[in-house]
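These are my notebook entries on a structure I went through today, written down in the order in which I looked things up.

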There are 2 protein chains.
Amino acid sequence: MSRETHLPALFQLFRQQGYDGVSLANIAQATGLGKASLYHHFPGGKDEMVLATLGYAGDWLALNVLQPLGEEGDAQELLEEMCDRLSQLYDEGRQPCILGTLTLGPVRDDLHEVVKQGLARFIEAIAQLLIKAGLDPRSAQERSEDAVVMIQGSLLVSRGLDDPTPFQRALDQLPAKLCAGI
Amino acid sequence: MSRETHLPALFQLFRQQGYDGVSLANIAQATGLGKASLYHHFPGGKDEMVLATLGYAGDWLALNVLQPLGEEGDAQELLEEMCDRLSQLYDEGRQPCILGTLTLGPVRDDLHEVVKQGLARFIEAIAQLLIKAGLDPRSAQERSEDAVVMIQGSLLVSRGLDDPTPFQRALDQLPAKLCAGI
DNA sequence: TGTTTTGTACCGATCGTTCGGTACTGAACT
DNA sequence: AGTTCAGTACCGAACGATCGGTACAAAACA
């Protein structure tokens with residue numbers, strides 16, 4: 001069992017409970033490992049665990065969500081494809097985003113930097129698509145920021161209200177909103 | 001020193017660090033009280049502290065943000081007034097929303113219920129204004145949900161990117177967006 | 001006086017972490 | 001071939017520190 005084997009379990013824990021909400025006892029139970037074994041795979045302790053988890057999530061996002069945005073095709077259709085992947089990632093609004101969960105909560109400076117770059121990479125990927133579709137860079141940046149705002153906001157509201165429809169409606173409107181007037 | 005005296009300090013702690021991120025030692029230091037004094041004012045312990053803090057925040061929101069929405073006047077101007085108050089509450093995007101902070105993080109069922117009602121009350125107040133301005137109830141509900149989505153999302157993104165402009169831009173666009181076509 | 005408020009000391013539980021050690025593996029040496 | 005040996009994966013037990021919470025008596029105030 002390699003270290004990567006347990007990253008999905010860590011991902012579920014941290015996205016739902018945040019850094020402080022997850023104890024090593026939780027992780028040990030979720031992975032089926034003893035606490036001491038966790039330190040074999042993650043010598044840096046809890047910090048290394050959450051950083052590895054963020055890396056795992058970032059890789060998944062880059063591969064399954066952002067990379068398809070760079071392929072050839074109609075911009076709006078590519079964005080609809082992206083929304084499908086996001087809906088899968090967030091289980092139609094029932095699962096929180098690990099970037100959001102770790103953005104709030106206590107300010108861990110090293111974590112904050114990783115989260116920041118994750119958000120920025122997400123925004124940048126959408127902006128590049130919109131620029132390629134003919135939008136000016138200024139508007140493209142603003143629109144893609146708005147996209148992440150809507151995704152994160154609707155996720156939070158859906159979680160807060162115990163109602164996935166705000167998230168689903170946000171995803172439905174997103175592609176057309178981003179491509180309006182192009 | 002009454003219990004209310006220390007609620008602003010608790011509010012700052014919980015909104016920034018969340019439930020798990022705040023320890024009784026933190027609270028004792030922030031309030032200048034000893035643990036025994038804290039348990040005198042909040043016999044229910046940490047749970048009562050965070051619930052009292054949510055009550056305090058809810059009262060502030062109802063008085064300074066939601067109640068003005070019910071007064072007479074042009075809908076868009078009332079919403080602009082609301083955005084000014086929100087900008088003050090969130091320090092122009094530099095401070096998180098306690099509802100968001102407590103929505104994410106571990107699932108405490110009792111907390112979740114209070115947060116849920118806080119969000120719902122916020123949405124409801126905006127929807128009532130839009131209905132009074134002539135919008136049909138269905139659209140009013142959706143638009144006010146979108147408003148809270150944008151507020152929470154832009155707050156999260158602004159915090160995550162260390163850049164208050166997404167929040168400020170969201171607030172700027174909010175009133176016109178909500179009143180479009182009325 | 002009686003009541004409210006506080007400081008001090010303490011509790012059991014849990015936190016993240018470390019230690020010493022076991023079981024198994026595949027390569028290296030004789 | 002048999003043996004040694006380094007490396008990987010894992011675990012139980014314990015560490016000091018801190019967690020949320022309590023008991024109680026001195027102090028402050030009425």
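I began by superposing the two protein copies of this predicted model, and found that chain B can be laid on chain A with an RMSD of 0.2 Å by a turn of 180° and a shift of 0.1 Å along the axis. The two copies are therefore related as by a two-fold rotation axis. I then looked for the C-alpha of chain B nearest that axis, and it belongs to B:Gly153, 1.7 Å away from the axis.

Next I turned to the interface, where I counted 31 residues of chain B in contact with 31 residues of chain A. On the chain B side, at least two residues each are supplied by helix H1 (7-21), helix H6 (98-103), H7, helix H8 (137-161) and helix H9 (165-179), and the largest share, twelve residues, comes from H8(B). By class I noted 15 nonpolar, eleven polar and five charged residues on the side of chain B that touches chain A. Because 100% of the interface residues of chain B are also interface residues in chain A, I recorded that the copies meet through the same surface.

Which residues are the closest to DNA strand D? I listed A:Met1, A:Ala36, B:Ser23, B:Leu24 and B:Gly45, out of 16 residues that surround the strand. Two or more residues of this surface come from each of helix H3 (35-41) of chain A, helix H2 (24-31) of chain B and helix H3 (35-41) of chain B, with H3(A) giving the largest share, four residues. I sorted the surface near DNA strand D by class into seven nonpolar, six polar and three charged residues.

Within chain B, I examined helix H4 (residues 46-66) against helix H7 (residues 109-132), whose axes come within 11 Å and cross at roughly 5°. Since angles under 35 degrees count as roughly parallel, that makes H4(B) roughly parallel to H7(B). In this pair B:Val50, B:Leu51, B:Leu54, B:Gly58 and B:Leu66 of H4(B) meet B:Leu111, B:Val114, B:Gly118, B:Phe122 and B:Ala125 of H7(B), a contact that I classed as eight nonpolar, two polar and no charged residues.

Last, I looked up A:Asp172, which has its place in helix H9 (residues 165-179) of chain A. I entered A:Asp172 as partly exposed, because it has 13 C-beta neighbours inside 10 Å. A:Asp172 and A:Cys83 are 89 residues apart in sequence, whereas in space I found them 7.9 Å apart, C-alpha to C-alpha.

How values were computed
Residues numbered from 1 in each chain as written. Chains lettered and ligands numbered in written order. Predicted model: local features only at pLDDT ≥ 70, side-chain atom pairs only at ≥ 80, totals over all residues. Axes fitted to C-alpha atoms, helices over the stretch in contact; angles between N-to-C directions. Parallel < 35°, antiparallel > 145°, perpendicular 65-115°, else oblique. Contact = placed C-beta atoms within 7 Å. Nonpolar A, V, L, I, M, F, W, Y, C, P; charged D, E, K, R; others polar. Near = placed C-beta within 6 Å. Buried ≥ 20, exposed ≤ 12 C-beta atoms within 10 Å, placed from the backbone. Least-squares fit on C-alpha atoms with pLDDT ≥ 70 in both.
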